[in-house]
Amino acid sequence: MDAMIQVRDLRKTYRMGDIDVPALRGVSFDIRRGEFVAIMGPSGSGKSTLMNLLGCLDTPSGGQYLLDGLPVDQLDRNLLAAVRNRKIGFVFQQFNLLARQTALENVALPLVYLGGVPAEERMARAREMLELVGLGDRMQHHPKELSGGQQQRVAIARALITRPALLLADEPTGNLDSHSSTEIMALFEELNQQGITVVLVTHEADIAAHARRVLMVHDGLLDRDAPTQQRSLNGPAPAADRERPRRRPSIVRRPSFASKRRSLSTTQG
Ligand code: ADP
């Protein structure tokens, strides 16, 4: 199996004074490359804790976690940060854009942190990503000049610019109206159809229905792991969906980001 995520008996216990708070009590699952998975569960069930561990933002108290074959549960915080920067793109409920920077500058920012990418290439890649999310005509806008849905598109473009292996989204439609939510989920579906692995946390069944599989967390344990009856609000049923012409040119011409790297450097977006 071409696993992107392999989690075995993953545990997280928070310490609050003298009290141990077991937030994750041993969960095991795999997510294959190219999957689109929603993590659901009631408030306090451990979704954010799991997301933080999957995103290498925190270290587990026990268990194993292989990310793209790397045993990240064994890495110290510095290495974890390096893996996080290279392998994972994050999308949050709050778009977390810098107010004084244009859409283009916001999208290019992760490449500044990554280092080693010349300014010209940073801008070229940022333009390409904004085209990809349908904002080719909003590059010089500042966040306050964009709608919520557009700001989330900028955030998605920013998450993708490092060509991550995995896109993690935590309640990405939590701040959006239903129309914008539908558009953002259609974008995630489109990106997933281009080969990007997407894992998102949501408490809304409507949003989770865009994924292909739902992991249900309850009281720190995996309660259910089942495929969704996928229904795309963007078009017809999944099989036909794949054959439908894309609204925007695909940048992911091959199954993985590793191979995409080469194609990106030789194509004009
Ligand atoms: P969810 O995202 O599903 O709402 P969380 O992962 O945030 O759930 O929380 C799971 C449990 O862990 C809850 O009981 C919560 O109170 C507790 N918890 C989460 N973060 C911390 C923390 N930093 N310190 C102590 N307890 C925490």
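Two strands count as paired here if DSSP finds at least two bridges between them. That cut-off is worth having in hand for a first look at this predicted model, starting with its sheet. E4 and E5 just get there, pairing in the antiparallel sense over two bridges. Leucine 66, for instance, has proline 71 in E5 as its bridge partner. These two strands make a hairpin with two residues between them, and aspartate 68, sitting in the turn, shows a positive phi of about 50°.

Zooming out, E4 and E5 belong to an open sheet of four strands, ordered E2-E1-E4-E5, with antiparallel pairing. E2 and E5 (70-71) are the edge strands, each pairing on one side only. Further in, E1 and E4 (residues 62-67) run antiparallel and are joined by five bridges. Among the partners, isoleucine 5 is bridged to leucine 67 in E4, while arginine 11 is bridged to glycine 62, also in E4. As for where side chains point, in a regular strand they alternate between the two faces of the sheet.

Next comes the ligand, and two of the sheet strands turn up again. Strand E1 (3-16), strand E2 (19-32) and helix H1 (47-54) each give at least two residues to the shell around the ligand. H1 takes the largest share, with three residues. Reading along the chain, the shell begins with Tyr14, Met16, Val21 and Ala23. Then come Gly41 and a run made up of Ser43, Gly44, Ser45, Gly46, Lys47, Ser48 and Thr49. Sorted by class, the shell has seven polar residues, four nonpolar ones and one charged one.

Elsewhere, a pair of helices is worth a look. The axes of helix H3 (residues 103-114) and helix H5 (residues 148-160) come within 7 Å and cross at roughly 30°. Angles under 35 degrees count as roughly parallel, so H3 and H5 are roughly parallel to each other. Their crossing is right-handed. On the H3 side, the residues that meet H5 are Ala103, Asn106, Val107, Leu109 and Pro110; on the H5 side, their counterparts are Val154, Ala157 and Arg158. Taken by class, the residues of this contact between H3 and H5 split into six nonpolar, one polar and one charged.

Notes
Residues are numbered from 1 along each chain as its sequence is written. This is a predicted model: local features need pLDDT of at least 70, side-chain atom pairs count only at pLDDT 80 or more; totals for chains, interfaces and linings use all residues. A residue is near a molecule or strand if its C-beta atom, placed from the backbone, lies within 6 Å of it. Ala, Val, Leu, Ile, Met, Phe, Trp, Tyr, Cys and Pro count as nonpolar, Asp, Glu, Lys and Arg as charged, and the others, Gly among them, as polar. Axes are lines fitted to C-alpha atoms, for helices over the stretch in contact, and angles run from 0 to 180 degrees between N-to-C directions. Angles under 35 degrees count as roughly parallel, over 145 as roughly antiparallel, 65 to 115 as roughly perpendicular and the rest as oblique. A crossing is left-handed if the near helix is turned anticlockwise from the far one by less than a right angle, and right-handed if clockwise. Two residues are in contact if their C-beta atoms, placed from the backbone, lie within 7 Å.
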